[in-house]
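Please open the model in your viewer and keep the selection panel at hand. The stops below go from one selection to the next.

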Amino acid sequence: MSDSITPPPNDFEISKVTLYKNGIAYFERTGQAQKEQVVDLGFPLDSVNDVLKTITIVPVDSTSKTRFTHHLVYEVPPPFTTAPSSEPITQTRYTQSGLIQKLTGQTIDLVVGSDHVSGMLIAVDNSLDRQTLTIVKDDVLRTFPMQDITSVKISRNVLLQSKSMKVCITADAPVGLKISYTRACPIWKPTYRVVIEQGSPRLYGWATITNPGPEVWHDVQVSLVTGHPISFISEIYTPKYKKRKILKQAAHQVFPNLDALINNRDSDSDDDKKSTRAGRALSPPRYNNNLRRRDTSRAMMITDRRSRSREASRSDDSRESLSRSPSPASRKEQSTSTSTSTSASDYVDLFKYDLTTKITLPASHSALVPIVNQVLGGKTIALYRKDFHPEHPLSSLMLINNTDLILEEGPVTVFDGTMYLGEAHLQPTQPRERRFLPFAVDFAVNITKNDKVEGMAAINGHKPHFLKISRGLLSFSFKQSTPISYTIRNKSKTKEAAIILEHPKSTGKTMSIVSCFEKKSPDVPIEVKTEYVTVQYYGFSLTVPRNSEVTLVLRDDSVTTEAHNLNTSLNKFTVASWLDRNWITGKASEAMKLFLKAYDDRKAIDEAFLRDKDTRHNLETEQARIRNNLNVIQDKKVQERFVKQMLTIEDQLDALRAASEKADSQRPQLNKLVVDRGVEIEYEGLVE
């Protein structure tokens, strides 16, 4: 059975279709409307909401003075039935009872025994003990056991979930009209072929388009748009009923409690709440309009003044925006041999292919149409990345989009003349952008990575590379260097190999080229250049002669920087060793020596203070022990000996306290001296 239907013919046939990559399509119908005319249109149920949301009817001639009015009429589900599913019944498997239940709300014809009965299906009872079916016709409900039903006749429109819409037009005189709308439609899909002709790649682009029905596209202008506009489904087709509050008016009340009705929110149905929550993501902010009764009239006056002010502001903004608005997108025609023109939008990142040849396509059919036929820049290279293959590079096309076209993502088949070479995948490509398309493994080239290089040692960074002293801050950096080499062997005896070697890029490290030479002639350098640098890789390009072996030597350099405050976090022994090795020279060396002396003096006082503090603690502990013994010992001689010890300890504590007071008085001066001498030092230089 076909997946589409053809509605009754009318004068408004589809004249233009624009396919997008987000699952919708834009349709235009043009025709001559009479003074009184009804245009009958048919749509799949899954597209009805989109049509109702976007349908527009305007004159074909924008200068026409003929006045006309129009409205749209369509059938909706009855209030006591559930809305039918938007999914065509023919695309889903159902049991017999499940299929009949799916028809709820539709008109069906039944054969029950020898009787023929028709009516609207309103209920299906799938109880275990009894399965029944209920229909209504002429206001009469009839229920039949499911087992007594021998056949069910279903219309084609019901099976395909198709809905009819009537556009009713009234005009002063016959007028040409354009009916446009969007609806769900399969996305268009590009596919490419690259044919290498005399060393240059020619790109042939095709697009798969689908007519989902329900009618034939006859001589239709088709356009294909890249990009991804925002689109969503709004529930417009299904009627929505709002629950209202039941007003219970007391006998003594003259007027009902209007405030309870205006500000009531408890009566919202669950569907309303779900719809409200779902719409918040795409709706502007809501404001609380719950007003107390005594402020209602004043609030209405304020709201009225604010609304008039907003309208005036909106009007001014509109006039200003019209004066500032850019001109419509200019159409950039491009001459190609595929009968395709292109244009771009000035407002969003959209690019359109216009097929200059009109398309005729039956319903539920697809077509493959040409969109690109261009010679692109680029060449064939061997791309090596260890993640791709540990030993061999991949034969790749380095394509440069030197056209004004935006190439959508799609598969690419590569040919050399008439010879099939392989397949690749093209990512979205902007004009002037470069892409690598690996399509085969190149077994003629072998690449090996070596972590050790003969004659080159790694630099581990024990010696500082750079020193800077300024405003009391010492900064120094250590340089680390690791040599790496690649051995590249081209086994082909007929052609040289153009190689792009990708080496991983590490954060904080830089890669440099040391040398590149052929094994047979190590004194003859081979040209290597950095082709590109990405976030993850360095790309080095070189050409390897036929039947030869080449060594590429790289150096991975990194610099680690540390900073220390001279006053607080200095490692004195490290700096002293730098002075001994003359890494700090000139006046800065003499200033640093004076600084170190003041630093040592302050440190000596601090260390003496800590030693005295420990000694004082020990003496106080011993003094407390003796005092406890005096309280329990009765022997006078022993008591006298303990008293002498306590007096001696007290003398020692007095001396320590005096030393601490002296140190406390000297410490501020020494701190200031250390800080001042540290700030005076200014030095910057490389360490040789």
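Begin by selecting cysteine 168, keeping in mind that this is a predicted model. Cysteine 168 has a relative accessible area of 17%, and because the limit for burial is under 20%, this residue counts as buried. Add cysteine 185 to the selection: its relative accessible area is 7%, so cysteine 185 is buried by that limit as well. How many disulfides does the count come to? With a pair of cysteine sulfur atoms required to lie within 2.5 Å, the count comes to 0 disulfides.

Next, select proline 214, which you will find in the loop that connects strand E14, residues 200-211, to strand E15, residues 217-225. Is proline 214 buried or exposed? Its relative accessibility is 7%, and proline 214 is therefore classed as buried. Now show glycine 42 together with proline 214: although 172 residues separate the two along the chain, their C-alpha atoms are 7.0 Å apart.

From that loop, continue into E15 itself and select the whole strand, which is mostly covered, with 7 of its 9 residues buried. Which strands should be displayed beside it? Start with E1, residues 13-19, which runs parallel to E15 and is joined to it by 4 bridges. To see one place where these two strands meet, pick lysine 16, whose bridge partner in E15 is glutamine 221.

Keep E15 on screen and add E17, residues 351-355, which pairs with E15 in the antiparallel sense over 3 bridges. Here valine 225 can be selected together with lysine 352 of E17, since the two residues stand opposite each other. Then add E18, residues 359-361, another antiparallel partner of E15, this time over 2 bridges. Selecting tryptophan 217 leads you across to leucine 361, its bridge partner in E18.

For the next stop, clear the selection and choose strand E8, residues 131-137, which is mostly covered, as 5 of its 7 residues are buried. On one pairing, E8 is antiparallel to E7, residues 115-126, over 6 bridges, and alanine 123 can be picked out standing opposite threonine 134 in E8. E8 is also joined to E9, residues 140-145, by 6 bridges, again in an antiparallel arrangement, and here isoleucine 135 has arginine 142 of E9 as its bridge partner.

Follow the chain from E8 into E9 and stop at the turn of this hairpin, where 2 residues lie between the strands. Select aspartate 138 and inspect its backbone, which takes a positive phi near 55°.

Finally, widen the selection to the sheet to which this hairpin belongs. In what order do its strands lie? The order is E9-E8-E7-E6-E10, an open sheet of 5 strands with antiparallel pairing. E9 and E10, the latter spanning 149-153, stand at the edges, and because each has a single partner strand, one side of each is left without a neighbour in the sheet. Viewed across the sheet, the twist averages 45° from one strand to the next.

Notes
Residues are numbered from 1 along each chain as its sequence is written. This is a predicted model: local features need pLDDT of at least 70, side-chain atom pairs count only at pLDDT 80 or more; totals for chains, interfaces and linings use all residues. Side-chain values use heavy atoms; hydrogens and water are left out. Buried means under 20% relative accessible area, exposed over 50%, partly exposed in between (1.4 Å probe, protein chains only). Two strands pair if DSSP finds at least two bridges between them. Axes are lines fitted to C-alpha atoms, for helices over the stretch in contact, and angles run from 0 to 180 degrees between N-to-C directions.
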